[in-house]
Amino acid sequence: MNYPNLFAPLDLGHVILPNRILMGSMHTGLEDKAGDYDKLAAYFAERARGGVSLMVTGGISPSIEGWLKPFGGRLTMPWHKPRHRKLTGAVHAEGGRICMQILHAGRYGYHPLSVAPSRIRSPITPFTPRALSARGVERTIGDFVRCARLAQDAGYDGVEVMGSEGYLINEFIAARTNRRNDAWGGDAARRMRFPVEIVRRTREAVGRDFIIIYRLSMLDLVNGGQDWNEIATLARAIEAAGASIINTGIGWHEARVPTIVTSVPRAGFAWVTQKLKGEVTIPLVATNRINMPDVAERILADGEADMVSMARPLLADPAWANKAKAGRSERINTCIACNQACLDHVFQNKRASCLVNPRACHETELKVEPASVRKRIAVVGAGPAGMACAATLGERGHAVTLIDQASEIGGQFNYAKQIPGKEEFHETLRYFRHRLADTCVDVRLGQVADAASLRAGGHDEVVIATGITPRHVSFPGSDDPRVLGYLDVLARHQPVGARVAIIGAGGIGFDVAEFLVEHAPSPTTDVARWTREWGVDMQLRQRSGLQPPQPEAPARQVWLLQRSEGRPGARLNKTTGWVHRATLKAKQVTMLGKVGYERFDDQGLHITVDGEPQILPVEHVVVCAGQEPNRRLADELMAAGMKVHVIGGADVAAELDAKRAIDQGTRLASAI
Ligand code: FAD
Ligand code: NAP
Ligand code: SF4
């Protein structure tokens, strides 16, 4: 049997779960409007079909005060139940199980009605919460209980009580946010009464045959959080109050330690869950950066936890569990933890999706169905756009030839995968290698496609996915061999000196800076090294799990430059940009805006900063100044009258990323 621990059943008393895979809660943006619940039902049904044993919905508020944002999803009235029945009905029809997460946002609520144990604003929201009165606390506990009862009526198999990540319950538990002196604050015992009463009264209301998962903050990662004894005491009290499962919560949203981004080592926090083993007898769930079956199996085999939770990995591949069970792990479309289409979308109030799987949360709209007319189609360029397009065309039954001049598929992903903390990009390339083979795409590598060969090829249609050309910059000395392009560094591996200036502070400039300052192997491969660098106390002797960070000395001295005013990196992605900025700061990278490039010579790079001249004593300059579309071939073919489609960077290079490239390739292929 493949992954025997992962596929061992789990007996919860009234129900036996078929395996140890929990799909963790993930806000998709479809929870908030009744009209979106058919889409949400299709999303969950596809994942239930994929073999996961238990799923948890995105957070649903038990009251208006508890909203994450105005008019966010809530379950407070009997007439809210029918929309939820769509989800439970669809999941049960596929043989799956689903719990609803009850999430009271507390002071993270992005609206003026938010409440909290004390009147303390969070650093990440503009609204100061109202402090709950003692009656208000009782009423809020009642809201949780009513919400759980309504969820039970709506057909859910259970609820998850969200007690971590810095939301209301966590705010009660931590002295950081609970300054009360009544029965609900003052010392640790009174601060934890709130969650214990919620679980106790919920269990009383729903009876024995209903799952209650409690999401316990096991590592707050903010000052004024809990110490380990308090966490273990709370866990025991939560078990005694009637919880069926304890899930792990790592880090408040305002914490300055990354917890889920791609540079966090795989299973980088499973050791925290393990620490709780033996304190309680109910199953414990490990979370965060678990994305492949071998990692999940190791956690269970080593006894670190009884279940594993994955949210984003099941967005990326709904059939994750079935593939693992069938011994087809190499076919899993692995979550690369980029956050680009999931969390970043949610923070922008957009519907979530997935960079590597654009169908996620669009199951009813983006369909891949057999083609009515089978065509011969050439796709030029095997970068993300071309790979996604060719594989989807192949899946639909077209005869597809995918041509790339390089010796391997992947385009720019072959450079991205070398960046420390972006090792997961290897997985996307592995996935596409298998998918292209499975869909019978004829992959021709090491071939430069030109207009003549394509015209002679007998193709009905041609898709041009030839990507981009790096933008050149010109100033006196820019033709010196010591002025490199990013491809000289990442593709041709030219040696780079001890002091380097990078021209351009976009996504690639930041990545190249990280490549130049980190020592190999990447810290992402070593949990102990990574936690030391970020200041996480693996002994859990310090309150909140925090200790002073101990960054390693940089491998090189780097200056990161941009012409525009303001903070470099301000336009990086919402949920990950701060990690890149903090990483480079820890590596003492000098980031400068309002820079003019004057000349390069033996003294170094001569620049002006806000008009003031400076010489950076660098041995090399690396240019990362953006990209231009590479569409000459498309223009030639169009001029010759061929039916041509242009996607990815070849279409528009400005603000191109792999999310757009894969989405555009998939959508085009689903429509040809
Ligand atoms: P490309 O990936 O550029 O692929 C084009 C392909 O066409 C190439 O393989 C090329 O060899 C081939 N080709 C061109 N002309 C011909 C021809 N005439 N005949 C045959 N083959 C031809 N994006 C993200 O979303 N997230 C990230 O974290 C991220 N990190 C990055 C890090 C780095 C260091 C780099 C360089 C890029 C990163 N990107 C990231 C950007 C992302 O890789 C690109 O947006 C994406 O690769 C664009 O896809 P594409 O298919 O349009 O083009
Ligand atoms: P970019 O994000 O557009 O950044 C280009 C940088 O070069 C900017 O800092 C720009 O700033 C500077 N620049 C532009 N023209 C210049 C010129 N003529 N002379 C000097 N400097 C110039 O592009 P990129 O870094 O090449 O990245 C390419 C794409 O890949 C981006 O769209 C990005 O989103 C994507 N990518 C994404 C990630 C990710 O993690 N999501 C990572 C890497 C790449 P000034 O104009 O102010 O100088
Ligand atoms: Fe994972 Fe990125 Fe997809 Fe989110 S968008 S599920 S982080 S691969």
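# Two ligands and a parallel sheet edge

A polar side-chain atom of Lys 422 lies 3.3 Å from an oxygen atom of ligand 2. On its own, ligand 2 exposes 880 Å², and the protein buries 77% of that. These areas follow the Shrake-Rupley method with a 1.4 Å probe; for residues, only the protein chains shown count as cover.

The model is predicted: local features need pLDDT of at least 70, side-chain atom pairs need 80 or more, totals for chains, interfaces and linings use all residues, and side-chain values use heavy atoms, without hydrogens or water. Residues count from 1 along each chain as its sequence is written, while chains are lettered from A and ligands numbered from 1 in written order.

## Around ligand 2

The shell of ligand 2 holds 23 residues (each with a heavy atom within 4 Å). Ala 505, Ile 508, Arg 563, Ser 564 and Leu 656 are the closest. Helix H18 (507-517) gives the most to this shell, with 4 residues. Helices (H or I, at least four residues) and strands (E, at least two) are DSSP runs numbered from the N terminus.

## Around ligand 1

Ligand 1 has 34 residues around it. Lys 422 returns here: together with Gln 340, Asp 404, Gly 649 and Ala 658, Lys 422 comes nearest to ligand 1. The table lists further polar contacts of both ligands (N or O pairs within 3.5 Å).

| Protein atom | Ligand atom | Distance |
|---|---|---|
| Gly 507, backbone N or O | ligand 2, oxygen | 3.3 Å |
| Cys 624, backbone N or O | ligand 2, oxygen | 3.4 Å |
| Asp 404, polar side-chain atom | ligand 1, oxygen | 2.6 Å |
| Ala 465, polar backbone atom | ligand 1, oxygen | 3.5 Å |
| Gly 649, backbone N or O | ligand 1, oxygen | 2.7 Å |

Alone, ligand 1 has 990 Å² of accessible area, and the protein covers 91% of it. Five elements give two or more residues each to the shell: H13, S14, H14 (413-416), H18 and H22 (658-671). H22 gives the most, with 3 residues.

## Strand S14 and its neighbours

Strand S14 covers residues 399-404. Of its 6 residues, 5 are buried (under 20% relative accessible area; exposed is over 50%, partly exposed in between; 1.4 Å probe, protein chains only). S14 pairs with two strands (a pair needs at least two DSSP bridges). Strand S13 (residues 376-380) runs parallel to S14, and 5 bridges join them. Strand S15 (residues 442-445) is also parallel to S14, with 4 bridges.

Leu 402 shows both pairings. Val 379 stands opposite Leu 402 in S14. In S15, the bridge partner of Leu 402 is Val 443. Helix H13 (residues 384-395) joins S13 and S14 in a right-handed β-α-β unit. Right-handed means that, with the strands pointing away from the viewer, the path from the first strand over the helix to the second runs clockwise.

## Unusual backbone spots

The peptide bond from Ala 520 to Pro 521 is cis, with omega near -10°. Pro 521 sits in the loop between H18 and helix H19 (527-534).

Two residues other than glycine have positive phi. For Phe 71, phi is near 65°. Phe 71 belongs to the loop between strand S4 (54-60) and helix H2 (81-93). Its relative accessibility is 65%, so Phe 71 counts as exposed.

For Asn 349, phi is near 60°. Asn 349 lies in the loop between helix H12 (343-347) and S13. Asn 349 is exposed too, with a relative accessible area of 56%.

Conventions: Polar contact = N/O pair within 3.5 Å; in protein donor to acceptor, adjacent residues only side chain to side chain.
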